[in-house]
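This report looks at charged and nonpolar residues in one protein chain and at where they sit. Please keep the sequence and the model in view while reading.

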Amino acid sequence: MNKEEIIERINSFLVEEFEVDGEDIEPNANLKDTLGLDSLDYVDLVVSIESNFGVKLVEVDFVGIASFQNFYDLIETKLKAKAV
C-alpha cells in the first residue's frame, strides 16, 4: 500500500467514523482539534486503525502526533514495520 492509498483510506474512515468534513482534513491541520478528539475518541481511533490496517497503536505512538501528516507517517511506519 503506497502513501496516497494510506492517506485516502485514513481520510475516508475519519469522515465516516468521526463525522468530520473531508475538506477540513489537511496534512498540516491539527488532528485533535479538527476531529474534536477526547480520550474515548482516541480509543475509537485506535480500533479503527486496527480494523482498517491491521496494526496496533499504543499510547506512546501518539506522542508527537499533532498534524494529520504526523498521523499518516505513523501509520505508514507501522505498516512498513509489519511487512518486515
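In which helix does E16 lie? E16 belongs to helix α1, which covers residues 3-18. Please bear in mind that the structure described here is a predicted model.

**Charges at the surface**

With a relative accessible area of 60%, E16 counts as exposed, because the cut-off for that word is a value over 50%. Together with E17, D38 and D44, the residue E16 forms a negative patch on the surface.

Another residue with an unusual feature is E19, which is found in the loop between α1 and α2, the latter helix being residues 31-35. E19 is exposed as well, its relative accessible area being 71%. Its backbone has a positive phi of about 50 degrees, although E19 is not a glycine. This deserves notice because most residues other than glycine have a negative phi.

**Salt bridges**

How many salt bridges does the structure hold? There are 5 of them, and the general idea behind such pairs is that side chains of opposite charge can pair when their charged atoms come close. The table lists three of these pairs, each with its distance from N to O.

| Residue with N | Residue with O | Distance, N to O |
|---|---|---|
| K56 | E50 | 3.6 Å |
| K78 | D61 | 3.1 Å |
| K80 | E76 | 3.7 Å |

In the pair of K56 and E50, the lysine K56 is exposed, with a relative accessible area of 58%, while its partner E50 is partly exposed, with a value of 33%.

Why can the pair of D61 and K78 be said to tie parts of the chain together? D61 lies in the loop between α3 (39-53) and α4 (68-83), whereas K78 lies in helix α4, so the salt bridge ties together parts that are 17 residues apart in sequence. D61 is buried, with a relative accessible area of 14%, and K78 is partly exposed, with 23%.

The pair of K80 and E76 is placed in another way, since both residues lie in helix α4, where they are 4 residues apart, or about one turn of the helix. Here K80 is exposed, with a relative accessible area of 53%, but E76 is buried, with a value of 16%, because buried means under 20%. Salt bridges that share partners join E76 and K80 with K3 and D73 into one network.

**K3 and its surroundings**

K3, a member of this network, lies in helix α1 and is partly exposed, with a relative accessible area of 25%. When its neighbours within four places in sequence are left aside, K3 is in contact with Q69, D73 and E76. The distance from K3 to L74 shows how sequence and space can be compared: the two residues are 71 residues apart in sequence, yet their C-alpha atoms are 11 Å apart in space.

**A nonpolar patch**

Which residues form a nonpolar patch on the surface? The patch is made of V58, V60 and V63, which together have about 300 Å² of accessible area. One of them, V58, is found in the loop between α3 and α4. V58 is partly exposed, its relative accessible area being 46%.

Terms used
Residues are numbered from 1 along each chain as its sequence is written. This is a predicted model: local features need pLDDT of at least 70, side-chain atom pairs count only at pLDDT 80 or more; totals for chains, interfaces and linings use all residues. Side-chain values use heavy atoms; hydrogens and water are left out. Patches are made of residues with over 30% relative accessible area and no salt bridge: like charges are joined within 9 Å, nonpolar side chains (Val, Leu, Ile, Met, Phe, Trp, Tyr) within 5 Å. Accessible areas come from the Shrake-Rupley method with a 1.4 Å probe; for residues, only the protein chains shown count as cover. A salt bridge is a side-chain nitrogen of Lys or Arg within 4 Å of a carboxyl oxygen of Asp or Glu. Lys and Arg count as positive and Asp and Glu as negative; His and the chain ends are not counted. The place of a charge is taken as NZ of Lys, CZ of Arg, CG of Asp or CD of Glu. Helices (H or I, at least four residues) and strands (E, at least two) are DSSP runs, numbered from the N terminus. Buried means under 20% relative accessible area, exposed over 50%, partly exposed in between (1.4 Å probe, protein chains only). Contact means heavy atoms within 4.5 Å.
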